[in-house]
Structures are given as structure tokens and as C-alpha cells.
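Me: I should like to learn how the features of a structural model are read. Could we take them one at a time?

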Amino acid sequence: MKKIVIIGGGITGLMTAFYLEEYARDGVDYTVIESTPRPGGKIVSTHESGFLVEGGPDSFLTQKKAMLDLCHTLGLDDQLIGSNNVEHATYVWSQGRLHPMPEGMMLMAPTMILPFLRSGLISWRGKLRMGMELFIPRRLKDEDESLASFVRRRLGAELLDKIAAPVMAGIHAADPEKLSLQSTFPIFSEMEKKHGSLVCGMIKKRWAQATRGPQHKLGPMFMTLRGGLQQLSDAVVSKLDPKALRLNCRVLSVDTHIDQYRLALSDGSRILADDIIFATPADVTAELIQQIDSELASKLRAVRYVSTATVSLGFKSSEIAFPLDGFGFVVPHSENRKITACSWSSSKFNHRTPEGCALVRVFVGGARAEFLAEQDEGRLVHLARQELRAIMGITATPVLTKVNRWYKAIPQYDVGHQARISEIDKIAAQHPGLYLAGSPYHGAGIPDCIQSADRIARLITQKMKPQREESRMVTIS
């Protein structure tokens, strides 16, 4: 039986092991090596004093079905909860106050005209510029462009600054001037090509959904698990062979040995592997792969990472005068504040706090202000409280504080990302049994990581089938 080693025990590594067991029905010999004391990577849910704090992602987009399908497979259907219905989903901090996001905005483009026209967030000059989008010729070139370039070209600089950049670039903690549209939001460039207008495309899409009838009514855009997203990684771990998971163990080097891969581990042991999956950040993979292929290592180092931090603060509801009637707010870079966004966790989802309390998550750092996220925890808490005092008028002392810092942990999908990853894939394919998986490559969200793991597990198990059939024939003869 061939030996498979998975480096990295985040959600991608865990799911690769899970799918290997599912697809290799005759059994599979695998080991997952994780350098930290706990599996799950950035998926971490903390229960403290009745609060449920998400240190990394707090939900997932339901449009990508991989996560929902996995929850069904794991028996977590009864734990799925959707986001709450609130008066205003999102606010935008602009010119000294919070403005409701115009109704019908779909990420960065309006699907309804009148609410956008009534909004005080965008000036009349900005609204007129957006209206001109109907007459701007479609771009016929297929070359990648930045999010900022696309939005500025089609909808204008003001909409980019106040809506598109803080909402969409915030998802990737990215600089919109560098963020690849092709690799992150290709639907918008496709709409431009198909309809000639982003606004027309979005309105047609909304009408198409509205005319499909109540049986096709869309559910919530965001969902999570009642006990936190760590329920997912914990459920996956419970399905794996406990002897195959090696925690608190680091891979020091990887080289080739005849037709296998040889790994040296921090505990002094060595492993020989027929197949090796790197479910690690691209820079970590580059260091480990240097001895095998220096060109591949160099290409991997071109994938940038940035630092972020989340500061979760719990308050007594009676001490917050501000109405938490939405999911939270985003902050445009031009406002020169020290936070990028704030999520009102206890309004967004149920089961987040003890009775009589509220929970907010403040986001710091990202591509334009990494240094702020890299401060110590005390400074981050002080910064978050100062910003909440200025924006929401919260002066109360929090009853809970929790800081999660993610140093150089968020991959950046810069313009040209697809071409770079295509080159990386071609070089990696020259090494039989070597696979690259996870967020640096073809999608950074949890559903994307699940799909990446699924694809690689299928490739490996399909490759094993002919060998097993040949082995059976030899046994029979």
C-alpha cells in the first residue's frame, strides 16, 4: 500500500485526508503533519463566559455548495443557521457618520435604482457618474485587471472608494489597486461582456431570480454553525484515524529518495512518501520544496501574504446606546481610520452571547495597514476601543476581550494571479506524486479549500485503482 503524507492540518489538509478515506474504499495509508498543537488552521471558535467568539472566518457563502454538502455528509444539518433578518445589513462609515448601504447592492453594483438614488452615501455627482455606466463600451480584452481599475472604469471613483473597495477588497484583506478581478470576482467581467453594462446585468439577474417563483426563493447568503465553525473541523477530525494525525510536529525538509519523497521531521524521525500534499502557505511550501525544484520554489514565493487581526469585544447590551440593527459596517480607506470593518456578531447570528450581552468583532490590518495588525494584544484592544468610541459612541468597559492575530496569513490574489498559478501547476505536474492544495491557488474561502482537497484526493485514488487491480490479478494468478 502506498504511503501518502499531507503537510498542514488546516481545513484543506484535514479534508484531503477525509476524502482519501472516503474514496479509497480498500483502505489508505496516510499521515497528516501539523506544526501547531491543534488542527483546523484559521478556523477557531472559542467559548468563554457564554460568548462564542470566532477567531477566523465566522460564516460561509451559501452560493458555493461544497460547504453545505460537507455539512450534510458530516451530519451537521441540524447545526446550520442562517444570518438574521435585520433592518440594514451593512453600514458604511463616511464623513463622520454611518450610512446604510443602499438596498439592493450586490457586493459592489446596484440591483435596484431608486434606493441607490435616495441614499445619502454617494453624492449626486457620484450617482450621475454611475448612471453613465450604461453608456460605457464593454471591454473586449481578456487581460486581467485590478478590482479598482474595473470599478473606476465602469462605475466611477466615488463608488469604488465608498462601496466596492471596502466591501470587496475587505473580503481578501487586499489593496483594490492590486486585487485581481479575474481571480476573485470574475462574474462582474463576465456580466460586462454579456450585457455591456454591469448595472443592466445585475438588474436582469435580480429580475430572473424574482420571476422563478417562491419554490426557488433564495435562502440566506451567509450561514454558520450553531456552535461555531470549529464544529466543522472537529467533526472532520473525528472521522479520521487518530494515529494518522501528528500534531506539534514540523517538517524540516523534503527531498527525493529513489522514486519517493523523504521528509525529515522536528521530532527526529523520517518518513518516506509515495505521494505528498502541501496544504501549507505558499511561502512555507517554497522553503520545503527548494531542494526538489528551485524554480517552483521561486514561483511560490511570488504569492504575497498580509497580516490581519480580529479584536472581539463583549459588552452588556444595556451599556450600548447605539442600535445594532445590522451586520456591522465597513470603513473606506480614505476615511483614515485605524480599522477596516466591524461585525456585529450578536446581531448577525443567534447563539453568540449570553442573555443581555452583545458581541462585536473589529478588523484591523490588511494590505494597506499591516503594521497595525502586528501590534501586541494590549495595543490592539486599546485601538479597537478607541475606534468604537469614535464611530459608535461606545464608552463601556468590555466584559470580554479576545484577540486573534494572523501574521502573514492571508494570501493575496494580485493581478495576473491565474497566470502565475497556471505556471506553478505546470511545474508541479512534472513531479509525480507531488500536489499543491489550499488557499494560495484557486480560491481562499472554506468551500474553495474543500473543493481543492476533493480534487486532489480523487486524483490520488484514481491513480491507485489500476495498481490495485493489477495487484489483484497477480494474487489470483
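**Pockets, cavities, salt bridges and surface**

Reply: Let us begin with a pocket, bearing in mind that this is a predicted model. The second largest pocket is lined by Asp425, Ala428, Ala429, His431, Pro432, Gly433, Leu434, Tyr435, Leu436, Arg455, Ile456 and Leu459. Two or more of its lining residues come from each of α16 (417-428), β22 (434-436) and α17 (446-476).

Me: How much space lies in the second largest pocket, and how do the residues of its lining divide by character?

Reply: The space amounts to about 200 Å³. Eight lining residues are nonpolar, two are polar and two are charged.

Me: How does one read a cavity, and how many of 30 Å³ or more are there?

Reply: A cavity is a space where a 1.4 Å probe fits but cannot get out. Here the count is one cavity of 30 Å³ or more. The largest cavity holds about 50 Å³, and its lining consists of Leu52, Val53, Glu54, Asp58, Ser345, Phe349, Arg352, Leu359 and Arg361. The elements giving two or more residues to this lining are β4 (51-54) and β20, with β4 providing the largest share, three residues. By character, the lining of the largest cavity has four nonpolar residues, one polar and four charged.

Me: What is the criterion for a salt bridge, and how many does the structure hold?

Reply: A side-chain nitrogen of Lys or Arg must lie within 4 Å of a carboxyl oxygen of Asp or Glu. The structure holds 23 salt bridges. One of them joins glutamate 177 to arginine 152, with the closest N and O atoms 2.5 Å apart. This pair links distant parts of the chain, 25 residues apart: glutamate 177 is in the loop between α6 (157-171) and α7 (181-184), and arginine 152 is in helix α5 (residues 147-154). Glutamate 177 is partly exposed at 37% relative accessibility, and arginine 152 is partly exposed at 35%.

Me: Which residue forms a salt bridge with aspartate 175, and is aspartate 175 buried or exposed?

Reply: The partner is arginine 368, and the closest N and O atoms are 3.5 Å apart. Aspartate 175 lies in the loop between α6 and α7, whereas arginine 368 lies in the loop between β20 (357-365) and α14 (370-373), so the pair ties together parts that are 193 residues apart in sequence. Buried means under 20% relative accessible area; aspartate 175, at 16%, is therefore buried. Arginine 368 is partly exposed, at 35%.

Me: What are the distance and accessibility for the pair of arginine 379 and aspartate 376?

Reply: The closest N and O atoms of this salt bridge are 3.8 Å apart. Arginine 379 counts as exposed at 53% relative accessibility, while aspartate 376 counts as partly exposed at 42%. Salt bridges may also share partners, and in this way Glu133, Arg139, Glu145, Arg153, Arg154 and Glu192 are joined into one network.

Me: Which residues make the nonpolar surface patch, and which helix gives the most to it?

Reply: Ile113, Leu114, Leu117 and Trp124 make a nonpolar patch of about 400 Å². Helix α3 (residues 113-118) gives the most, with three residues. Tryptophan 124 belongs to helix α4 (residues 124-131) and is exposed, its relative accessible area being 58%.

Me: Which residues of helix α2 are buried, and what backbone feature comes just after α2?

Reply: In helix α2 (residues 66-73), the buried residues include Ala66, Met67, Leu68, Leu70 and Cys71. Just after α2, glycine 75 takes a positive phi of about 75°.

Notes:
Residues numbered from 1 in each chain as written. Predicted model: local features only at pLDDT ≥ 70, side-chain atom pairs only at ≥ 80, totals over all residues. Heavy atoms only, no water. Patch = residues over 30% accessible without salt bridge, like charges linked within 9 Å, V, L, I, M, F, W, Y side chains within 5 Å. Areas by Shrake-Rupley, 256 points an atom, 1.4 Å probe, with all protein chains shown as cover. Helix = DSSP H or I, 4+ residues; strand = E, 2+ residues; numbered from the N terminus. Buried < 20%, exposed > 50% of the residue type's maximum accessible area, 1.4 Å probe, protein only. 1 Å grid on protein atoms, 1.4 Å probe; cavity = no way out; pocket = protein on both sides within 12 Å on 5 of 7 lines; lining within 4 Å. Points joined across faces, edges and corners; volume = space filled by probe spheres on them. Nonpolar A, V, L, I, M, F, W, Y, C, P; charged D, E, K, R; others polar.
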